[in-house]
Amino acid sequence: MIEDLFFIERQAYGKTFIHIMDARVKIIVSFAVIIAMVAMPYSPGVYLLGLVFFIFFFALWCASRLPFSDYLRRLLVTLPFGMFIIVFQIFFENSHYAVFHSLLDLPFGIHIYAESVEFASLLLVKFIVPVSFIILLSSTTRMQDLLAGAGKLGMPREFTLCIGMMVRYLFLFASTLEKIKNALETRCFDPFDRALPYRYRLRQMGYTIGTIFVRSYEQGERTYTCMLCRGYGVNHTVSPKLCGSHRLPEERCSSTVSPNRCGSDLPAPGKKLERSEWLCLCFSLLFVVASTVAVWWSM
Amino acid sequence: MHIPDGFIPLYQDVIYWIIAIIFISLALKWARNELNDEKLPLIAVLAAGIFAIQAMNIPIPFGTSGHMVGAALAAIVLGSPYAGVFVLTLVLIVQGVIFADGGITTMGANIINMGVVGGFVGYYGYTALMKVTDNTYASGFIAAWAACFIAALLCAVEMAVAGTFPLVAGLISMGLYHAIIGLLEGGITAVAIYLIATARPDLMEHSAGVSA
């Protein structure tokens, strides 16, 4: 999964209007679709709502000018656990139906039920649509923009600070992991090589994981020390006047650095939503709510 | 073990989120008191490391592969179950929002399963076993195995309550699979504890018994 990190971030550096739209708009719309999809009861209405939302997603994906194969590739990575539950669903009765009709009788008393197949397909739709919108969100929004947007939407400061730093170091550890893998391959060590004793392979993997743990902890210590050296501190605030005394450009004090928090927070530009972004947000939310209510009404 | 969106009804998601938020708040309180608010960056970088650890595919004897959860390791090494909760919350947010692994509405349930159960069972299992066996590695192994196994059972129970998967079949399939994956989690955790205790004994909150 972490191998896709650079790929996802590179995709997010596009120039289409979907890419440059404020992250808050994309977060709210994506979460609204997910909540609407999850809130829909397990009924045939899920198919219609899922189709409407998938067309909406497809239109947005096309507008972002990203290859559809990239979406399929990312979708494939998310499938295993969800698909395991969906596929095995067809063999079991569940609490959402009163009567079950066997479609196919298999040996050892195993049956495939028509109702369970229907339920599995409902789960599949409920699974695919939210995943698609998350893929769209992360493929068109840079990680730091996502974080800034989440912060402006009210995510606690401790989390924005920690996730912001975590995201920055994810890239470092992704490349560290790649280096470790290369080093292991150079020494002809393959953890999946059955010619090697299993205990030996496990021990080597344990050492590797322990090394990553120690490296990440030591990196954290170095980062923390560096931040302290640069005046980082929870109670350390920098007023606009102080910014002035340090001869920082006036626009940096007023726009890119939050005046009462620039000592401890990651700076985030305090940009307001533009008119077009408000329009997109209102239209999308109206569309999501209206289509959900309409499908619910028609059930 | 990452439950995706749509597999749990919304009202149950809300309940899991409320429970998860209580534990997240306690974890934040722990981070402020024990680590000092200013040391939060250290945990953030460590969370990035745990994310990388989770990305490593490790062979399972039957020919497939699995990966570690890491909550028990973080809780044991940092000496608090809340370390597991805090680190796994960060990891699950990034996995859910950027990689679409696990859901947004089900994130509360996932935090409970992997962060809360992983952290608490891992840490208290380890400390209890240390009192009995006085063997760091055996305690780490069993605690990490139990953390993985119990988290999987809880996941099966949540799915059964949601009406998504039958209880008995879920307990058997998830339980069996994670009992095996748990051996891997336990083994790797024990070896990683040995390496950390050897390379950085100061990191270990419970270094007694470590033959570093």
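This passage describes the contact between chains A and B, the principal nonpolar core and the domain arrangement of chain A in a predicted model.

The interface between the two chains involves 67 residues of chain A and 56 residues of chain B. On the chain A side, at least two residues are contributed by each of α3 (23-39), α5 (68-89), α6 (114-140), α7 (143-152), α8 (157-186) and α9 (198-229). The largest share of this side is provided by α9(A), with 22 residues. In composition, the side of chain A that touches chain B comprises 46 nonpolar, 15 polar and six charged residues.

The largest nonpolar core contains 145 residues, and the most contacts inside it are made by Met166(A), Ala47(B), Val87(B), Leu90(B) and Ala147(B). Helix α6 of chain B (residues 136-161) gives the most to this core, namely 15 residues. From chain A, domain 1 (2-150 + 275-298) and domain 2 (156-230) each supply at least three residues of the core. When neighbours within four places in sequence are set aside, the contacts of Val87(B) are Ile43(B), Leu46(B), Ala47(B), Ile50(B) and Ala74(B).

Chain A is partitioned into domain 1 (2-150 + 275-298), domain 2 (156-230) and domain 3 (231-268). A distance of 32 Å separates the C-alpha centres of domain 1 and domain 2 of chain A. Their contact is formed by seven residues from domain 1 and eight residues from domain 2 of chain A. On the domain 1 side, α1 (5-11) and α7 of chain A each furnish at least two residues, and the largest share, four residues, comes from α7(A). This side of domain 1 has six nonpolar residues, one polar residue and no charged residues.

Key:
Residues are numbered from 1 along each chain as its sequence is written. Chains are lettered from A and ligands numbered from 1 in the order in which they are written. This is a predicted model: local features need pLDDT of at least 70, side-chain atom pairs count only at pLDDT 80 or more; totals for chains, interfaces and linings use all residues. Ala, Val, Leu, Ile, Met, Phe, Trp, Tyr, Cys and Pro count as nonpolar, Asp, Glu, Lys and Arg as charged, and the others, Gly among them, as polar. A nonpolar core is a set of buried Ala, Val, Leu, Ile, Met, Phe, Trp, Tyr and Cys residues joined through C-beta atoms within 7 Å. A residue is buried if 20 or more other C-beta atoms lie within 10 Å of its own, exposed if 12 or fewer, and partly exposed in between; C-beta atoms are placed from the backbone. Domain bounds come from an automatic or database domain assignment.
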